Structure formats: structure tokens, C-alpha cells
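Q: I have a chain open on the screen and would like to go through it piece by piece. Can we start with one helix and work outwards?

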Amino acid sequence: MADAASRRPKALPSNPDSDVRRRERAAELRQARRAAHLRLEARAEEHRRSFLRMVSHELRTPLNSILGFSELISAEIYGPLGAPEYKDYAKLIRDSGQKLLALSNQVLEIARLESGAADLVARREPLDHVLDDVLDGLAEEMRLREARVRVEDQGALPDVVCDPKGLRTALAALLSNAIVHGADGGEICVRIQQRGAEVLVNIVDQGPGVDPRDIPRLLRPFEQGENALIRRGEGAGLGLPLAFMLCRGMGGGLTLTPRVEGGLCAVVRVPAPRGRAKI
């Protein structure tokens, strides 16, 4: 029995240093795999943005030709078209081209904002002028929906620090969303507040509102949900994400809040000029 016991293999003593090295090596491998995965994701994301930029650029050239020639045909520059229906067809071509051009511009702007290549330049801008321009651009849409936009204290609004084109684009997207998804013939209220170093632009509509759980999705490009707020109007779901990115790129922000009594409140935050902050 003693001889058999002596012939059994003896367990080798564990080496603490070897165990530590194995754990360190395993951790290094996991870190290397994560880093490789992140590099692949970043490369794929950059390819996606490059593709969107390229497609948007390539679409704009023929679209500009379509728009220009449809306007020439509609105006009968080189003589009468004959049947009056041709003028209506030319107008339909122009309207469809304008929608596609607007979509292309939104895609291109989102790709620029996501890649950090957007040329946003902040300067002092009168908020009255910004809203006047935005409402002028939405006049036809407001007429079709019989919607009214009421700006409180219009003519005495404060200045803000923003990229002029960026803020106009963001507010136009938000007001268009309120017009399309609000009640037909309803009123949209724009209320301005100055809080600390920021100016708040509150846009309140009378629509059906939205489920709070859908709000994060509404702020992501191309996201579509089943809520009536998203499905009621045309579009690819780019207006709200574009407004969100522009506000953030100008040093402010955008918050969407469903109202208890119905409708949606969009709050745009933009910096106030220095020396004009109020509590």
C-alpha cells in the first residue's frame, strides 16, 4: 500500500505569479477585442456618413435642373403649352422636386453634424427677425392646414447667440412638426423666456401628443414609430433629429415634453448674449 501511494502523481504547487499573468493576459485579450470592435463600428459609421454625403450631393445637381426646367415650363417662357393640365403637371413636378431637395439637404446636414463637419458660426441675432423669416417660409403650410402661430410679445423679443441659419432651420422644423401634427385649424403658441444665461423658445401645439416612451426614438434620424404623431404627416423622420443636433451644436439644447392636457411642448435653449442674463 505504501509503495502504491508513493507512486501516485503529486499535485504541482500553484504558482501565484503564473495565475496573475494568465488573468492579465485574458484581460488584455478582452480589451483588444473591444478595441477592434469599436474600430470596426467607427469605420462602418464613417462609411455610412460618407455614403449619405455623396448621395445627397449627387441628388442635388439633377434636382436643381428638374426644379429650374419645371418652373420654366410652368411659366410658359417659350410659348403656351396648350392644354392647361400641362401647367398643373409642371407644378406637381416642381413641388415633388422641392420635397426631395429638402430631404436631401436634411440628410446632408445630419451627416455633417454627426461627423463634426458642420460649419456653425455663432453670432448675436434678433429673435424677432429669426421668427419672422421662419413664419414667412411656413406661410403656405399654415394656410393649407388653417393653422395659426401666435408669438407672445412679438416685436419685443430678446437677442440670442446662435448660428443664424441653424436656428432658423431648427425652429422651422419644430414649427412645421407642430403644424402638421397639431389640430387642423388649431393654434400654436410660441413663448419666449429668459432664464439665466439662456433664452428658452417654447413651442406648444394642440395635437394629440405623444407617448413619453417614443420621445427618444423621435430624436433619432429615420426612426418611425406607430404613434399617430409620427405617421400622420409626410417625411422621413428627420426634422426633429436635425433640430436636436443643431440646437446642441449651437451650445444649447432641445427638450420635448408631452402636455397633460394634450399636445406637445418643444423647448429650444440657446445662449443669451453676455451681460443680458436674467433669473
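A: Fine. This is a predicted model, and α9 is a reasonable place to begin. The residues of α9 that count as buried are G239, L240, P241, L242, A243, M245, L246 and C247.

Q: How many residues of α9 is that, out of the whole helix?

A: Eight of the eleven residues in α9 are buried, so the helix is mostly covered, taking buried as under 20% relative accessible area.

Q: What do the buried residues of α9 pack against?

A: Their partners are the helices α3, α6 (164–181) and α7 (215–218), together with the strands β6 (253–258) and β7 (264–271).

Q: Take α3 then. At what angle do the axes of α3 and α9 cross?

A: At roughly 35°, with the axes of α3 (residues 85–115) and α9 (residues 239–249) coming within 10 Å. The crossing of α3 past α9 is left-handed.

Q: Which residues meet there, α3 against α9?

A: From α3, Q106, E109, I110, L113 and E114; from α9, G239, L242, M245 and L246. Sorted by class, this contact has five nonpolar, two polar and two charged residues.

Q: Why would residues three or four places apart in a helix point the same way?

A: An α-helix has 3.6 residues a turn, so residues at that spacing end up pointing the same way.

Q: And the strand side. How does α9 run relative to β6?

A: α9 lies across β6 and β7, and its direction is at about 135° to β6. Just after α9 comes G251, with a positive phi of about 85°.

Q: In what order do the strands of the sheet with β6 and β7 come?

A: The order is β2-β4-β5-β7-β6, five strands in an open sheet with mixed pairing. β2 (148–151) and β6 are the edge strands, each pairing on one side only. On average, neighbouring strands in this sheet are turned by 20° against each other, ignoring direction.

Q: Go to the β2 end. Do β2 and β4 pair parallel or antiparallel?

A: Parallel, over four bridges, with β4 covering residues 187–195. R148 is opposite E187 of β4.

Q: Which helix lies across β2, β4 and β5?

A: That is α4 (residues 127–137), which runs at about 175° to β2; β5 is 198–204.

Q: Two strands have not come up yet. How do β1 and β3 pair?

A: In the antiparallel sense, over four bridges, with β1 at residues 123–126. R123 has C162 in β3 as its bridge partner.

Q: Which residues of β3 are on the covered face, and which on the uncovered one?

A: V160 and C162 make up the covered face of β3 (residues 159–162), while D159 and V161 make up the uncovered one. In a regular strand, side chains alternate between the two faces of the sheet.

Q: Change of topic: S70. Where is it?

A: S70 is in α2, a helix of residues 16–75.

Q: Is S70 buried or exposed?

A: Buried, because its relative accessibility is 3% and the cut-off for buried is under 20%.

Q: What does S70 touch?

A: A90, I93 and R94, leaving out residues up to four places away in sequence.

Q: Last, the whole chain. How many helices and strands, and how much of the chain counts as buried?

A: There are nine helices and seven strands, and 36% of the 279 residues count as buried. The exposed area is about 17,200 Å², with 54% of it from carbon and sulfur atoms.

How values were computed: Residues are numbered from 1 along each chain as its sequence is written. This is a predicted model: local features need pLDDT of at least 70, side-chain atom pairs count only at pLDDT 80 or more; totals for chains, interfaces and linings use all residues. Side-chain values use heavy atoms; hydrogens and water are left out. Buried means under 20% relative accessible area, exposed over 50%, partly exposed in between (1.4 Å probe, protein chains only). Accessible areas come from the Shrake-Rupley method with a 1.4 Å probe; for residues, only the protein chains shown count as cover. Axes are lines fitted to C-alpha atoms, for helices over the stretch in contact, and angles run from 0 to 180 degrees between N-to-C directions. A crossing is left-handed if the near helix is turned anticlockwise from the far one by less than a right angle, and right-handed if clockwise. Contact means heavy atoms within 4.5 Å. Ala, Val, Leu, Ile, Met, Phe, Trp, Tyr, Cys and Pro count as nonpolar, Asp, Glu, Lys and Arg as charged, and the others, Gly among them, as polar. Two strands pair if DSSP finds at least two bridges between them.
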